[in-house]
Amino acid sequence: MKEFPKDIKFKYEWRRYQQRVLDDLEEQLDDNHLHIIAPPGSGKTVLGLEVAIRLNKPTLIFAPTISIRNQWIQRFCELFLLVGDEPNWISRDIKNPNFLTVVTYQALHSACTKSNKNPISEELEKKNHDQRKTKIFNAEPIIIALKSINIGTIIVDEAHHLKNEWWKSLNAIKDAIKPTIVGLTATPPYDVSFSEWHRYLDLNGPIDSEISVPELVVENDLCPHQDYIYLSEPTHDETKSIQEQREKALRVFNELRKDEFLINIMSSHPVFSEPMKHLDWIYTNLECYSSILIFLHANGIKIPEKHLEIIGDKKITIPPLSFKWIEILLGFYLFGAHEHFQGFEEEKERLINKLKRNGLIDRKTISFRQNKKINKFLSSSLSKLKSIESIVDVEHNTLGKDLRMVILTDYIRKEFLVDGSINQLELNKIGVLPIFEQLRRTNDRHMKIGVLSGSLIIIPISALDSLHTAAKDLNIDPITHSKLPFDDQYLIINTNEKLKQNIVQLITQIFEQGEIEVLIGTKSLLGEGWDAPTINSLILASFVGSYVLSNQMRGRAIRSERNNTDKTGNIWHLACIDHTASDGGDDIQLLKRRFKSFVGISNETETTIENGINRIHLPEVFGSAELQSFNKEIIKKAGQRDQLKQKWKDALLNGSSLIEQIKVPFPEGKEYKKTMSLYYHKTIANMIAMLVSAIFGFLESIFNGLGRSIRYIKSREDLLQYLMYIGILGVIIFGRQTYKTIRLYFKYRDISKDIQQIGEALLESLIKTGTINTEYSKLEVIASLNDFGSIYCHLKGGTSYEKSTFIKSLHEIIAAVDNPRYLIIRKSLFLKIISQKDYHAVPEIIGRNKKTAEYFERQWKRLVGSCELIYSRTIEGRKILLQSRINSLSSEFEDKTERINKWR
């Protein structure tokens with residue numbers, strides 16, 4: 001068999017967003033990759049099958065689990081072949097492939113590896129268990145089998161599931177066969193490391209098309225929904241433990257900052273003593289080099305002038321030693337590959353043990369700031385039990401008997417299932433049973449609460465008849481049960497092998513009927529593949545697992561319900577605040593990373609649809625009062641479900657597609673409204689007006705003070721002295737205000753116009769390199785400034801890939817300079833008086849060769865202004881690169897400039 005049967009056709013009409021992907025198919029496949037992001041409910045499985053049919057080559061499909069593997073085959077037979085039985089040209093065996101082969105990633109990895117028992121003595125076997133078996137990797141037999149049937153298309157479904165060792169097998173197959181790769185995912189792994197993200201893109205290719213959540217809401221495939229964050233504070237004991245851990249970190253930091261051995265070894269390091277001989281190393285290891293200088297400077301060691309020459313700035317202020325710099329220094333010393341530290345193994349081991357004892361090292365990661373022990377206190381804080389109780393009360397108040405809530409967590413915690421008539425155990429852990437107990441003990445509303453996990457099922461006694469009826473329909477023998485020992489209103493369902501296969505379906509059925517209103521379960525059982533469209537509220541009480549899993553769990557609550565067109569979904573995220581961290585702690589930072597892929601309604605005055613946590617408007621300060629005020633407001637918003645539906649309706653009218661764009665926030669948000677007119681009029685006049693106005697106010701204070709002090713002024717000299725003191729005070733006050741205002745103007749001057757022009761220069765250059773092929777007349781760079789001082793920029797027109805590449809490249813230019821091949825130094829004169837330099841990276845896709853970089857420079861000069869192109873791979877270029885990292889305009893927006901998606 002060499003091609004699909006000619007009469008194969010999808011039995012339904014394509015939805016608009018599916019048709020859009022298929023219409024762009026030929027263009028998107030020009031790099032032999034097709035990478036599609038599509039949320040749950042968008043039909044990405046049938047899209048993948050349609051693409052395979054259109055490519056019309058022997059096809060290999062990889063799925064993350066056996067159930068999803070079977071789902072691919074089932075959908076193909078039902079929706080394309082229109083048959084119930086599988087044809088004999090479909091295979092589930094990677095070792096015996098056929099025209100269409102569907103297998104799991106694990107099956108491929110197992111087929112490419114085998115265990116080999118080493119011929120070692122029995123005594124050694126007992127001593128070293130790890131040496132008994134080794135894995136031998138050999139993909140050749142599989143490659144030969146796949147080549148024999150000319151596999152031409154490989155579909156990778158949810159490739160983010162791949163464990164590290166599985167990538168080797170998949171890449172070996174891809175490199176040997178060179179097929180067309182079709183990558184499908186609902187949740188790109190945005191929160192992985194830089195190297196893992198690039199490995200993911202190397203397999204799937206750049207993102208070609210994204211089916212957005214708003215498109216599915218328009219088509220009524222997803223319901224209007226909103227994410228809510230409920231904040232809590234650690235308990236007294238948790239706060240004490242966190243504080244103790246912070247004190248340990250500070251004590252070790254203070255000990256190490258004065259450690260004579262460290263001081264001696266760093267001051268005698270060739271990089272410090274003979275820097276001119278190690279320039280290449282210095283310029284490629286800037287953070288390690290900087291940490292040495294900062295550490296030694298903190299210990300009173302004078303930094304020789306030759307180092308300042310290397311930096312290129314003799315007036316530079318060396319920053320103080322901080323947790324960040326001690327982490328970098330210790331990582332360099334303990335785990336760096338520098339030969340100078342060889343021979344100090346005993347000292348290194350002593351230091352590593354010290355860090356371990358104090359909870360400051362995890363594997364090879366040293367953490368004084370983001371501490372694993374503190375993060376564990378926050379993620380599993382008992383305060384979240386009260387948060388869950390409060391959320392359940394809020395949702396039940398709003399929905400009453402219509403509430404269909406699911407609470408997902410990590411562990412069952414069976415130790416809280418006592419055999420006595422009373423359960424008064426202290427709830428000192430987060431888990432299925434502690435959450436059940438928290439709600440059961442305070443259930444004055446008589447809500448119907450249930451538990452569903454792999455080894456424990458609890459239902460209200462009122463749900464028993466419905467469970468029996470559902471079981472009878474599936475020809476399951478009568479279900480046995482026992483009463484919950486400490487509450488006769490609940491039953492524990494006894495499971496057998498047959499029931500285990502159907503229990504999820506049975507409990508889901510009675511949950512959808514309303515016999516259970518609040519269902520508590522484990523993410524491992526209900527997190528992926530489970531579907532209950534009636535869910536209208538979800539609490540993510542899970543603190544173990546990746547961003548990918550959290551997004552899949554979130555997808556359970558936003559699916560539309562066929563018989564309930566008024567359905568809305570609330571998704572609740574829990575965060576415990578660390579008052580010892582200025583950024584709120586790891587719970588908040590984790591949510592910030594995960595919200596990058598959560599698209600929803602913003603809480604701003606103008607309702608928009610976008611991703612990112614900024615749409616939630618978290619408090620700027622995480623004090624107790626601020627937390628209470630925030631939670632009160634969130635509870636109010638969560639109860640306004642009718643308004644949520646209207647907000648989605650209004651926001652959807654404001655756009656037609658989800659546009660990826662750059663967002664540059666105002667660098668000093670609190671000052672924006674005070675200086676807004678400065679940016680609008682693009683002149684210094686308003687600044688002068690503000691200063692004059694302030695001076696008049698100041699003079700009024702002077703004369704008032706003079707009136708009160710007049711009786712003490714006896715002579716002309718006393719008056720002059722009084723005015724001198726007032727003058728000095730005025731210089732201090734207004735000098736600081738003037739400096740701050742002018743500095744803000746320099747840093748942010750007319751940057752909306754700058755980004756517009758930079759974007760146009762970038763567009764010209766991407767067209768020149770052949771990256772963008774859409775006709776120029778159909779493209780437009782759009783830059784705008786909103787009421788909060790944030791600048792947005794995106795490319796209008798072009799393919800999804802072209803838009804994504806444009807945004808990625810613009811982000812490289814605007815973000816803090818890292819290590820590009822080429823730099824642009826932007827030169828300008830403020831008011832034709834003050835010289836100014838800004839540093840920007842030339843995007844990697846343009847800086848790959850000299851000609852395209854020089855073309856970009858010419859476009860910059862034509863559209864933006866005077867500039868200089870610098871090649872950073874020379875010694876002089878490295879020096880300028882280091883200067884740019886210190887002085888760059890971009891550093892003002894470091895960690896603030898972001899790529900976002902917004903409905904426009």
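About 80 Å³ of space lies in the second largest cavity of this predicted model. The structure holds four cavities of 30 Å³ or more. Two further topics follow the cavity below: the contact of helix α12 with helix α17, and the salt bridges, which number 34.

**Second largest cavity**

- The lining of the second largest cavity consists of Gln226, Tyr228, Ile601, Asn603, Lys637, Gln640, Gln643, Leu644 and Lys647.
- Two elements, β10 (225–232) and α28 (641–652), give two or more residues each to this lining.
- Helix α28 supplies the largest share of the lining, three residues.
- By residue class, the lining has three nonpolar, four polar and two charged members.
- Lys637 and Lys647 are among the lining residues, and Lys counts as charged.
- Tyr228, Ile601 and Leu644 also belong to the lining; Tyr, Ile and Leu count as nonpolar.

**Helices α12 and α17**

- Helix α12 spans residues 260–267 and helix α17 spans residues 323–335.
- The axes of α12 and α17 come within 12 Å and cross at roughly 75°.
- Because angles of 65 to 115 degrees count as roughly perpendicular, α12 is roughly perpendicular to α17.
- On the α12 side the contact involves Phe261, Leu262, Ile265 and Met266, which meet Leu329, Leu330 and Tyr333 of α17.
- The residues of this contact divide into seven nonpolar, no polar and no charged.

**Salt bridges**

- The structure has a count of 34 salt bridges.
- One salt bridge joins the side chains of Arg54 and Glu50, with an N to O distance of 2.9 Å.
- Arg54 and Glu50 both lie in helix α3 (residues 44–55); because they are four residues apart there, about one helical turn separates them.

Note on methods: Residues numbered from 1 in each chain as written. Predicted model: local features only at pLDDT ≥ 70, side-chain atom pairs only at ≥ 80, totals over all residues. Heavy atoms only, no water. 1 Å grid on protein atoms, 1.4 Å probe; cavity = no way out; pocket = protein on both sides within 12 Å on 5 of 7 lines; lining within 4 Å. Points joined across faces, edges and corners; volume = space filled by probe spheres on them. Axes fitted to C-alpha atoms, helices over the stretch in contact; angles between N-to-C directions. Parallel < 35°, antiparallel > 145°, perpendicular 65-115°, else oblique. Contact = heavy atoms within 4.5 Å. Salt bridge = Lys/Arg side-chain N within 4 Å of Asp/Glu carboxyl O.
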